[in-house]
Structures are given as C-alpha cells and as structure tokens.
Amino acid sequence: MPPEGPAWLDQGWLHVWLPYAQMKHAAVPLPVVATEGVRIRLADGRELIDGIASWWTACHGYNHPHIRQAVERQLAALPHVMFGGLAHEQPYRLAARLAALLPGDLDRVFFTESGSVAVEVAIKMAVQYGLNRGLRGRSKVLAFRGGYHGDTIATMAVCDPEEGMHSHFGGLLPENVIADLPRDAAGLAALDALLQRRGPEIAAILVEPLVQGAGGMLFHEPEVLRRLRDLAERHDVLLIFDEIFTGFGRTGSMFACQQAGVVPDILTLSKGLTGGTLPLAATVASASVFEGFWSDDPGHALMHGPTYMGTALGCAAANATLDLFETEPRLQQVAAIEAQLKRELEPCRTLPGVRDVRVLGAIGVVELEAIRDLAALKRRFVAAGVWVRPFRNIVYLTPAFTIALDELSVLTGAIATVLGEG
C-alpha cells in the first residue's frame, strides 16, 4: 500500500529500499520533519521521545548547537578535499586528540566512513601485520558467538554464524574461527586449547568489550577482556576491540576497555564519534602495530583509502563532540542514567515472559522469552509517545546522555506499561 503522508514520502516510497526489511510487507516509516534534544517530531505534529539515540549515535542529543556551529563553519570554509597528498586541519586535530584520549599507545588513526569499514580495516591491518613480519598463513580472525561487527562481507564473516541476518551468505563468507567468550576457568581453558591448535592460522582476536550490542545486548565482565589480553600475548596474536557501540561513554567510562585496564592492539570507533550528525569511523592502531608497516618496502604499506577518508565535515563534528565531553558532564550524566535505569526497569523483572533485566552505563535491557509480534510491539511504543525499537527478544534503551530525568521516566514507564499489557 502506498503511504499517506507528505508528498516526498508518497513519491519516494516506490523507489527507496529500506534496511533490514522485507519490502513486500514493510511498514511505512514514520515521516520525521525535525529533531531537538531527545525528541523526534513527526509530520503529523506528534513528538516521540527517542530511547535509542538513532542507533546509539546521538549521545549529545539532537541538534546540539556546538556541533551544528562547528559543521556550519567547516561547510563554509572547506567541505571536503581528498586525503591522498593533501592535508587539512580537522582530521589532523582529531587524530591527535583521539591518540591523547585513548589508553596506552593507541596513537595511529586511520579514518573511514562507517563502522563496518573500520572493522574491515582492522582485520586487514592484523593480517598484513603478520605478513609484514614474515608470518604466512595467518589469515583468520578469532571472534565470538553473540558478536556483531557489521554487514559487509568481511564483517559478516566475524559475526555469530547462527545469527539469522547473515546465515544466507555462508558459501560466500571467508571462514574464520568462532568460539565462546571465556567467562570462567573452563571457558578460558577451552579457548587456550583452541588457540594452541589453530594459532598459526589466526591473525587476531576480535571482541566487543563489555557489551555485545546488536547480538542481543549481551554483557560480560571486565575480567573476560583481561583473559583475552593474556591469551593474545601467549599465542602471539593481535587483540582488536570493536568499540563502535561501546566507545564514547556508553558503558560508563569513556571507552569500555578502560574498565578492564586493558589496552588492545587495534581499536575501532564510530557511532558516537560525531554525536550522530555525520558518517565517520576510525581504526586506531598501537605504536607497535604501526611499526610493522614502517619499512623501506612499498609492499609493507597499508593499501587502503576511502574516497571520503578524513572528511572535513565529519571530523569537525567529531572535534566538537570531543569538546562536549571535555566541557559538559557526560560521564556523570551516564552514571545518573544508569542509576535511574536500574531503579525503574527492575520492576519489569516480575512481568510475565521477562527473562532478565540488565543495565550497564546508559544501556538498559529487558530480555523476554520471546517477542511474538515485533511490528505490533513497535506500534504500541509509538502510540505511547516513545521511539523504542525492540529486536530479537529484547526491548532496550540507549538514550542520549543529555536526556532529562523525567523524559527517561517516560521511556522506562512506557516499557513497563506496554510489556505489562502483554
């Protein structure tokens, strides 16, 4: 059925291909005309409180004036220029700031436009690092069940293989090594044995630190990361942390790895990097990994370079985002959100069909036994005045860090009410 809405929606509906949607049965998207703070304004005048910050990106809320002004200034001066052979201020400033902010010796920044590509670059770095050292055959990545790292070919190949979204592509994807996270002594011993057997094939271990996001908002303890660091060193493989979701305060610290006191060899960033305004991602390598490419041999160079690498507009937004983390109390706000989510979501534990309630930083999760009608549940949240996007068997909140306490209570109250109605 064609939509009944603004002319642009009516016309474009016949030509747009939506994400993660069977187009034959896809619901018509809600037409948005404006955003402000944590609110989404629809064409019919309704406002929704956004509970997921546009796929976890808008950490400062929408339309923050500092980010907007930075992008406007950059647009007037230099919107874009190629990164090959030319330099401009914003990405160079941003690289230096990220290196100063990240732990340890993570100090070489490679810019891309999306999180999936940042992970692909990390994999490419890890494999070529081994080749540059004369280690042949290390072409695989050890990743984990429950993990999600993107939708491109290489990243699908390091996601949970049982995750239905990518299961159609088994014959296309390169084979990697997928294991269980070492949550206890037995898991550690099993992973150690796996690395003993297959270590010569493995270039790197890849994990989302503390929270496996799109795999189901699955949490693990900081000790898991310390175990992985020890295993990586014991078996001479690199350790990659995918902080695309967890970076920039989402778990309560600026970067999730800081809670474990662990420094990876390579780290990926995106999502909150620009505060939800423009596409930008980064793959950050340690000094020792970078040294593996420092050579008189041209063949040892990392041969990668996206067209919009180091985009001036995106980097201007990212620099403004870092300004806000420096000047506004973001981590204190996350701590307050965490306390409120724990308090206000905990009663959901007693509702029929609820399996678990868990909170970390500005992430609140109500896990259900099952969601029978996902589309109907989404409609009920919209009717309650909130933008909440359950998936699989979870209903979750990842709000902007700037959300007011009463706005957050509207979100938690809607979850309790809607789930309580069955």
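**Exercise 1. Place R389 in this predicted model and decide whether R389 is buried, partly exposed or exposed.**

Step 1. Find the flanking strands. R389 sits in the loop that runs between β15 (386-387) and β16 (394-397).

Step 2. Take the relative accessibility of R389, which is 32%. Buried means under 20%, and exposed means over 50%. R389 therefore counts as partly exposed.

Step 3. List the contacts, leaving aside neighbours within four places in sequence. R389 touches I52, K378 and Y396.

**Exercise 2. Do the same for W55: which helix holds W55, and what does W55 contact?**

Step 1. W55 belongs to helix α2, residues 53-56.

Step 2. The relative accessible area of W55 is 44%, so W55 is partly exposed.

Step 3. Again skip neighbours within four places in sequence. The contacts of W55 are P19, Y20, K271 and Y396.

Step 4. Look for a link to Exercise 1. Y396 is in contact with W55, and Y396 is also in contact with R389.

**Exercise 3. Work out why the "binding site" residues listed by UniProt do not all gather at one spot.**

Step 1. Read the record. The unreviewed UniProt entry gives W55, Y148, K271, G305 and R389.

Step 2. Check the spread. These residues span 335 residues in sequence, and the farthest two C-alpha atoms lie 34.2 Å apart, so the set does not all gather at one spot.

Step 3. Check the largest cavity. From this set, K271 is part of its lining.

**Exercise 4. Describe the second largest pocket: what is its volume, and which residues line it?**

Step 1. Start with the volume, about 540 Å³.

Step 2. Turn to the lining. It has 19 residues, and those closest to the pocket centre are R108, V109, F110, F290 and M309.

Step 3. Find the elements. At least two lining residues come from each of α4 (89-101), β4 (106-112) and α9 (287-291). β4 gives the most, with five residues.

Step 4. Sort the lining by class. There are 17 nonpolar residues, two charged residues and no polar ones.

**Exercise 5. Trace the open sheet that contains β15: what is the strand order, and which strands are at the edges?**

Step 1. Write the order. The four strands run β1-β2-β3-β15, with mixed pairing.

Step 2. Find the edges. β1 (32-36) and β15 each pair on one side only, which makes them the edge strands.

Step 3. Zoom in on one pair. β2 (residues 39-42) and β3 (residues 47-50) are antiparallel and share three bridges. In this model R39 stands opposite I49 of β3.

Conventions: Residues numbered from 1 in each chain as written. Predicted model: local features only at pLDDT ≥ 70, side-chain atom pairs only at ≥ 80, totals over all residues. Heavy atoms only, no water. UniProt positions renumbered as here; feature names shortened; annotations may be inferred. 1 Å grid on protein atoms, 1.4 Å probe; cavity = no way out; pocket = protein on both sides within 12 Å on 5 of 7 lines; lining within 4 Å. Buried < 20%, exposed > 50% of the residue type's maximum accessible area, 1.4 Å probe, protein only. Contact = heavy atoms within 4.5 Å. Points joined across faces, edges and corners; volume = space filled by probe spheres on them. Nonpolar A, V, L, I, M, F, W, Y, C, P; charged D, E, K, R; others polar. Pairing = 2+ DSSP bridges.
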